[in-house]
Amino acid sequence: MPPDRPRTKAEAKAEGAFRTIGELARDTGLPQHVLRYWETRFPQLRPLQRAGNRRYYRAEDVALVRRIDTLLNREGYTVRGVQQVLASEAPGRVGVPAPEEAPGAMQALRAIRALLAAALAED
């Protein structure tokens with residue numbers, strides 16, 4: 001590749017920039033309909049959707065798509081198998097914010113733990 005060749009729009013994007021479904025499909029070699037199907041099968045894959053249902057994939061979405069592609073198309077997993085692998089990688093994280101994501105969560109958890117300890121001590 002000559003150094004004076006102009007960069008394409010996809011090449012010019014920063015690594016952490018949002019990607020449209022077309023850009024992601026082009027980068028991964030996956031058809032757009034497959035990406036949309038995966039959104040219905042993998043709850044972890046949730047790109048931002050703007051007006052007109054235009055999808056914008058974050059860097060972590062792109063990484064997840066690549067991981068799903070590797071598991072399905074290179075390692076031979078089934079869709080159900082990939083669902084189980086992804087679910088086992090993040091146990092208990094569905095809908096539960098991490099303590100640093102919710103202010104005061106650690107104090108609330110400590111108060112609950114103290115109540116439970118007191119209840120056990122009474123038994």
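A salt bridge here is a side-chain nitrogen of Lys or Arg within 4 Å of a carboxyl oxygen of Asp or Glu. Keep that cut-off handy for the exercises below, and remember that the model is predicted.

**Exercise 1. Work out whether Arg-58 and Glu-60 form a salt bridge, and find what else is linked to them.**

Step 1. Take the N to O distance between the two side chains, which is 3.3 Å.

Step 2. Compare it with the cut-off: a nitrogen of Arg has to be within 4 Å of a carboxyl oxygen of Glu. The pair therefore counts as a salt bridge, given that definition.

Step 3. Look for further partners. Arg-58, Glu-60 and Asp-61 are linked in a network of salt bridges.

Step 4. Check the cover on the arginine. Arg-58 counts as partly exposed because its relative accessibility is 22%.

**Exercise 2. Describe the salt bridge between Arg-55 and Glu-39: its distance, its place in the chain and its burial.**

Step 1. Start from the total: the structure holds 6 salt bridges. In the one between Arg-55 and Glu-39, the closest N and O atoms are 2.9 Å apart.

Step 2. Place both ends. Arg-55 sits in strand 3 (residues 54–57) and Glu-39 in helix 3 (residues 32–41), so the pair, 16 residues apart, links distant parts of the chain.

Step 3. Apply the burial cut-off, which is under 20% relative accessible area. Arg-55 comes in at 18%, so this residue is buried. Glu-39 is buried too, at 6% relative accessibility.

Step 4. Recall the general idea: side chains of opposite charge can pair when their charged atoms come close.

**Exercise 3. Decide for each partner of the Asp-69 and Arg-74 salt bridge: buried or exposed?**

Step 1. Confirm the pair: the closest N and O atoms of Asp-69 and Arg-74 are 2.7 Å apart.

Step 2. Take the aspartate. Asp-69 is at 8% relative accessibility, so this residue counts as buried.

Step 3. Take the arginine. Arg-74 is at 58%, so this residue counts as exposed.

**Exercise 4. Find out which residues touch the most other members of the largest nonpolar core, and which helices supply the core.**

Step 1. Count the members: the largest nonpolar core has 18 residues. Leu-35, Trp-38 and Ile-68 are the ones that touch the most other members.

Step 2. Sort by helix. Helix 2 (21–28), helix 3, helix 4 (59–74) and helix 5 each supply at least two core residues. Helix 4 gives the most, with 6 residues.

Step 3. Zoom in on Leu-35. Leaving out residues up to four places away in sequence, Leu-35 touches Ile-21, Leu-24, Ala-25, Leu-30, Leu-45, Tyr-57 and Val-65.

Step 4. Set this against the general tendency: in soluble globular proteins, nonpolar side chains tend to be buried together.

**Exercise 5. Check the length of helix 4 against its expected span, then list what its buried residues pack against.**

Step 1. Helix 4 has 16 residues and reaches 21 Å from its first C-alpha to its last.

Step 2. At 1.5 Å a residue, 22 Å is expected, and the span of helix 4 is close to that.

Step 3. Pick out the buried residues: Asp-61, Val-62, Leu-64, Val-65, Ile-68, Asp-69, Leu-71 and Leu-72.

Step 4. Find their neighbours. The buried residues of helix 4 pack against strand 1 (19–20), helix 2, helix 3, strand 3 and helix 5.

Step 5. Walk off the end: just after helix 4, Gly-76 takes a positive phi of about 85 degrees.

**Exercise 6. Find where Asn-53 sits and what is notable about its phi.**

Step 1. Asn-53 lies in the loop between strand 2 (48–50) and strand 3.

Step 2. Its phi is near 60 degrees, a positive value in a residue other than glycine.

Step 3. Asn-53 counts as exposed because its relative accessibility is 52%.

**Exercise 7. Identify the nonpolar surface patch that includes Leu-116.**

Step 1. Leu-116 is in helix 6 (residues 105–122). With 54% relative accessibility, this leucine is exposed.

Step 2. Add the other members: Met-106, Leu-109 and Ile-112 join Leu-116 in the patch, and together they have about 380 Å² of accessible area.

**Exercise 8. Sum up the fold of the protein chain.**

Step 1. The protein chain has 6 helices and 3 strands, in the order α-β-α-α-β-β-α-α-α.

Step 2. Of its 123 residues, 26% are buried.

Note on methods: Residues are numbered from 1 along each chain as its sequence is written. This is a predicted model: local features need pLDDT of at least 70, side-chain atom pairs count only at pLDDT 80 or more; totals for chains, interfaces and linings use all residues. Side-chain values use heavy atoms; hydrogens and water are left out. Patches are made of residues with over 30% relative accessible area and no salt bridge: like charges are joined within 9 Å, nonpolar side chains (Val, Leu, Ile, Met, Phe, Trp, Tyr) within 5 Å. Accessible areas come from the Shrake-Rupley method with a 1.4 Å probe; for residues, only the protein chains shown count as cover. Helices (H or I, at least four residues) and strands (E, at least two) are DSSP runs, numbered from the N terminus. Buried means under 20% relative accessible area, exposed over 50%, partly exposed in between (1.4 Å probe, protein chains only). A nonpolar core is a set of buried Ala, Val, Leu, Ile, Met, Phe, Trp, Tyr and Cys residues joined through side-chain atoms within 4.5 Å. Contact means heavy atoms within 4.5 Å. The expected span of a helix is 1.5 Å times one less than its number of residues.
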